[in-house]
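Subject: A structure to look through

Hello,

I am handing over a structure that I would like you to look through at your own pace. Please open it first, and then read the notes below beside it.

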Amino acid sequence: MVKTLLKSVRQYKKPSLITPVFMAVEAFCECLIPFFMAKMIGESVLKSDGAMAHILKYGGILLLLAVFSLASGVLAGRFAATASCGFAANLRHDLFYKVQKFSFANVDKFSSSSLVTRLTTDVTNVQNSYQMCLRIAIRVPLQFIFAIIMSFTINPSLAWIFLAITPFVALSLLAIMRYVMPFFRRIFKKYDALNNSVQENVGGIRVVKSFVREDYETQKFDKAATEVKNDFTKAEKILALNNPIMTLFINFAAVLIFYLGAKQIIASGTLNGNFTPTELSALTTYGVQVLACCMMFSMVFVMITMSFESGRRISEVLEQESDLVSPENGVKEVKDGEIRFENVNFKYSAKANKYALSDIDLTIRSGETVGILGGTGSSKTTLIQMIPRLYDATDGEVYVGGVNVKDYDLDVLRKEVAVVLQKNVLFSGTIKENLRWGDETATDEELVKACEIAQADEFIRSFPDGYDTYIEQGGTNVSGGQKQRLCIARAILRKPKILIFDDSTSAVDTKTDAFIRKGLAEELPDMTKIIIAQRVSSVEHADKILVLDGGKIVEQGTHAELLKKGGIYKEIYDAQTKSKEENAQGGQE
């Protein structure tokens, strides 16, 4: 896990390495100050001759040490801040970049709310922990070692007390950490549930308000927030034991040092013996430094304990390998829009008992228009997702332009296969900016031409700002049909060899649907077009129509051929024709 996270340090290695150097200088200077303070008192107060000279001499040394300590601390803080903020920025970049490379199967393993938590809360926890490690986690052991060494130079027999309490402190901290970790594992999962509640509520705010479910959503959020609060409270109560445990051991050590040190001074019978009051004062100061080290280590320990689970969750994403990767020296050109399925079977996971697609043998010639009909759950969308290799076939092979899709460079293949989804997505920005997702370099004339084919130009020009009209997040300020037509224009603008409509004219009236089909046939005759639809009228013109049922192609042929067969297709046609006639009669009445 740590190795995975540290890969994101990259260009911030230098400040990360410089920070410990300055922390070492600061710790060294702070440990020398009590030593020279004791020297100054011992040589100026206890010796009558040249007192002022000793004060000036050691005072100058103490001033230099204080200046060096201050300067080192400031520089260490600056470099630590640069390193930790840069590390966090790289970590977010790496997480986001990794998610972009995931296949659909990989994305299915993580909820969107969980990914948001990992990109925000978890990264912030790791950033804070990294900064503390660069500063306090480096300073604490160094200052602890320096303080112990200086203590031994003053009085070895008493300095052993500091070493004796260290194992007890370490065992106490480890016991707390082991007990508190399960709480943090639960907390971050509940963070995901909390974010999911917010995401669903904000995304579906119109549905919430239309069904008057505000109270229910508020209760659901309160429940998730209360669960996070309760687990955090339990974890913090356990972690709060750190300070009293530290204080108990250090105060116990201080009492022993004062008691045994006083006995040694009294036993010597003089203030100038082997162990003097000034040395006891210096030793006490080192005791305070050891206490401070333990307290700071306790802070680091708490932060690392919290961030450990965050780091594990981040590593889980970074270490996740995409199921679909481009082969080395992948094919860089798609010759044409021919599509071929050979004995294809597919299931979403190896543990699944049933195939979503089975026994698929299909050939679509370049430039053909193919319609696909089928009931809900018949795997129509699954079938077309094989073409741009959003999923790999479990058995069998899929070919595009005469080449196995597994042999293509993924970017090249997906640029030549444009998919317009039923659930269309527009991003915040102008209409032009949204359209140019299809082609960044498209001219205004090309934008207009694509929109004319998609029957979007007319309504765009009706807006006061035309193509510069701002689209709100999710396209909330345009209707469902307008959104679909903009997405169709965006796909056309890419000029792909294969264009797939996944029920993407469901919100468009039949007249506009017919105009879109006519425009595609006249303006883009060489493009292979696959149309998934619920209405027979959307596919009856197609060169070939497929009917799917239970993940299998049960019928295929032209509109006329399928009507003659009298199967599922004819049933759908008759049902929709009868419905139209009834609606027409109802309108006349």
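How many helices and how many strands are there in the chain? Before the answer, please keep in mind that what you have is a predicted model. In this model the chain holds 19 helices and 12 strands. The radius of gyration of the chain is 36 Å, whereas the globule rule gives 25 Å for 589 residues, and because the value of the chain is well over that of the rule, the chain is more spread out than a compact globule. You can set beside this the box that the C-alpha atoms fill, which is roughly 120 × 50 × 45 Å when taken along the principal axes. As for burial, 46% of the 589 residues in the chain are buried.

Next, please turn to two of the helices. Helix α6 covers residues 156–203 and helix α8 covers residues 214–239, and the two pack with their axes 9 Å apart, at an angle of about 160°. Since angles over 145 degrees count as roughly antiparallel, this angle makes α6 roughly antiparallel to α8. The crossing in which α6 passes α8 is left-handed. Among the residues of the contact of α6 with α8, 17 are nonpolar, 2 are polar and 8 are charged.

The other part I looked at is a sheet. Strands of a sheet pair through backbone hydrogen bonds, and they can do so in a parallel or an antiparallel way. Here 4 strands, in the order β2-β1-β4-β5, form an open sheet in which the pairing is antiparallel. Its edge strands are β2 (357–364) and β5 (403–404), each of which pairs on one side only.

Strand β1, which spans residues 339–346, is a good place to follow the pairing residue by residue. On the side of β2, the antiparallel strands β1 and β2 are joined by 5 bridges, and R340 stands opposite T363 in β2. Strand β4, residues 395–400, also pairs with β1 in the antiparallel sense, over 5 bridges. Which residues are the bridge partners of I339 in β2 and in β4? In β2 the partner of I339 is I364, while in β4 the partner of I339 is V400.

With best wishes

Notes
Residues are numbered from 1 along each chain as its sequence is written. This is a predicted model: local features need pLDDT of at least 70, side-chain atom pairs count only at pLDDT 80 or more; totals for chains, interfaces and linings use all residues. Side-chain values use heavy atoms; hydrogens and water are left out. Two strands pair if DSSP finds at least two bridges between them. Axes are lines fitted to C-alpha atoms, for helices over the stretch in contact, and angles run from 0 to 180 degrees between N-to-C directions. Angles under 35 degrees count as roughly parallel, over 145 as roughly antiparallel, 65 to 115 as roughly perpendicular and the rest as oblique. A crossing is left-handed if the near helix is turned anticlockwise from the far one by less than a right angle, and right-handed if clockwise. Ala, Val, Leu, Ile, Met, Phe, Trp, Tyr, Cys and Pro count as nonpolar, Asp, Glu, Lys and Arg as charged, and the others, Gly among them, as polar. The radius of gyration is taken over C-alpha atoms; the globule rule is 2.2 Å times the number of residues to the power 0.38. Buried means under 20% relative accessible area, exposed over 50%, partly exposed in between (1.4 Å probe, protein chains only).
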